[in-house]
Amino acid sequence: MRLLNRREFNGLCVALGSFVASLAASAVEPVSGAALNGASRTVKFPTGAVVPALGLGSARLGVGRHPAAEEEEALRTGLSLGMTLIDTSGDYGDGRSEELIKGVIAGQRDRAFVVSKMEANQVTGNAMARACEGSLARLGTDHLDLYLLHWPVPNTEFSRLVAGFESLRAAGKIRSWGVSNFSVRQMEDLFRIPQGIAARPIRSLIASVTAALSVTCYHGASSTVCR
C-alpha cells in the first residue's frame with residue numbers, strides 16, 4: 001500500500017470531513033454560527049476545549065510498515081491542514097507510535113491536541129501514573145490534552161479509575177480524561193461515581209458522547225465520553 005501524496009491526502013481529508021460533519025450535524029455544537037464543513041468543522045467539549053471534528057489516528061504508525069520519515073510527513077501534512085487532534089496510545093506498537101509523534105509535534109506542541117490511552121490492566125495500584133509518565137516521556141511533552149481508558153474495566157474498579165484520573169489531572173499531567181468502548185449503561189454507572197468536581201446531569205453525558213464520537217470516528221461504533 002502506497003502513501004498518499006499531499007494533494008491526494010488533502011482531497012481525502014475534505015471527503016472524510018464532510019462525512020463526519022453529516023453524522024454529527026444534528027448533535028454537535030459548532031464553535032461559530034456559520035455552517036462549517038470538512039476539516040474546518042470543530043466540536044466543543046464540556047471542558048471548553050475546541051478540537052477539529054476530523055483528527056489523525058496512529059494505530060499502525062511507527063511499526064515499520066512505511067519509512068518513519070514518510071509517516072511523520074503524513075502527520076505533519078494533517079496538522080498543516082488543520083487536523084490538529086492526534087490520537088495515539090501507549091499500546092500502539094508498544095509505544096512506538098507515541099515516539100514517532102514526538103518528532104512530529106516537537107516545536108509545535110501548542111498546535112496539537114494530543115490524545116493517548118491506557119489499558120484496562122493498568123488501573124490497579126500506581127500503574128495509571130506509570131502508564132501516563134511513560135506516554136509523556138515517549139511523546140516528549142509534560143501533559144496530555146486528553147487521556148482515555150482504552151477498554152472497559154468492571155464497575156467495581158470505577159472508583160479507583162476516577163480517583164486515578166483525577167489525581168493525574170490535579171498533578172497537571174493531563175488536561176481531561178475519558179473512556180472509550182464503554183456501553184451506555186457503563187457510562188451511566190461511571191457518572192454516578194463521586195469525584196472532585198460537581199456531578200453532571202445525564203444530558204451533559206450525552207453531549208460528551210456526541211462530541212467525542214465525532215472526534216474519534218475512526219474507532220467505528222465505539223462510544224467515548226470525556227470529562
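Is F165 buried or exposed? That was my opening query for this predicted model. I looked up the relative accessible area of F165 and found 0%. Buried means under 20%, so F165 is buried.

**Entry: the rings around F165**

Next I asked how many aromatic pairs the structure holds. The count came to three. I started with Y147 and F165, whose ring centres are 6.0 Å apart. Their planes stand at 90 degrees, so I noted this pair as edge-to-face. Y147 belongs to strand β5 and F165 to helix α5, so the pair ties together parts that are 18 residues apart in sequence. I checked burial for these two as well, and both Y147 and F165 are buried.

F165 has another ring partner, W177. Here I found the rings stacked, at 4.8 Å centre to centre and with 5 degrees between the planes. W177 lies in strand β6, and F165 in helix α5, so this pair ties together parts that are 12 residues apart in sequence. W177 has 1% relative accessibility, so I wrote it down as buried. Taken together, ring pairs make a cluster of Y147, F165 and W177.

**Entry: the cores**

Then I turned to the largest nonpolar core, which has 36 residues. Which of them touch the most other members? They are Y147, L149 and F165. I also listed elements that supply at least two residues each to this core. Among them are the helices α2 (68-80), α3 (96-105) and α5 (158-170), along with the strands β4 (113-118), β5 (146-149) and β6 (177-180). On my list for later is a second, separate core of nine residues, which includes F45, A53, F113 and L146.

As a general reminder to myself, nonpolar side chains in soluble globular proteins tend to be buried together.

**Entry: L149 up close**

What is L149 in contact with, leaving aside its neighbours within four places in sequence? I found M118, E119, A120 and V123, then L161 and F165, and finally G178, V179, S180 and F182. So F165 turns up here too, as one of the contacts of L149.

**Entry: helix α2**

Last, I took a look at α2, a helix of 13 residues. From its first C-alpha to its last I get 18 Å, close to the 18 Å expected at 1.5 Å a residue. I noted E71, L75, T77, G78 and L79 as buried in α2. After the helix comes G82, and I found its phi to be positive, near 95 degrees.

Note on methods
Residues are numbered from 1 along each chain as its sequence is written. This is a predicted model: local features need pLDDT of at least 70, side-chain atom pairs count only at pLDDT 80 or more; totals for chains, interfaces and linings use all residues. Side-chain values use heavy atoms; hydrogens and water are left out. A nonpolar core is a set of buried Ala, Val, Leu, Ile, Met, Phe, Trp, Tyr and Cys residues joined through side-chain atoms within 4.5 Å. Buried means under 20% relative accessible area, exposed over 50%, partly exposed in between (1.4 Å probe, protein chains only). Helices (H or I, at least four residues) and strands (E, at least two) are DSSP runs, numbered from the N terminus. Contact means heavy atoms within 4.5 Å. The expected span of a helix is 1.5 Å times one less than its number of residues. Rings of Phe, Tyr and Trp (its six-membered ring) pair if their centres lie within 6.5 Å; planes under 30 degrees apart count as stacked, over 60 as edge-to-face and the rest as tilted.
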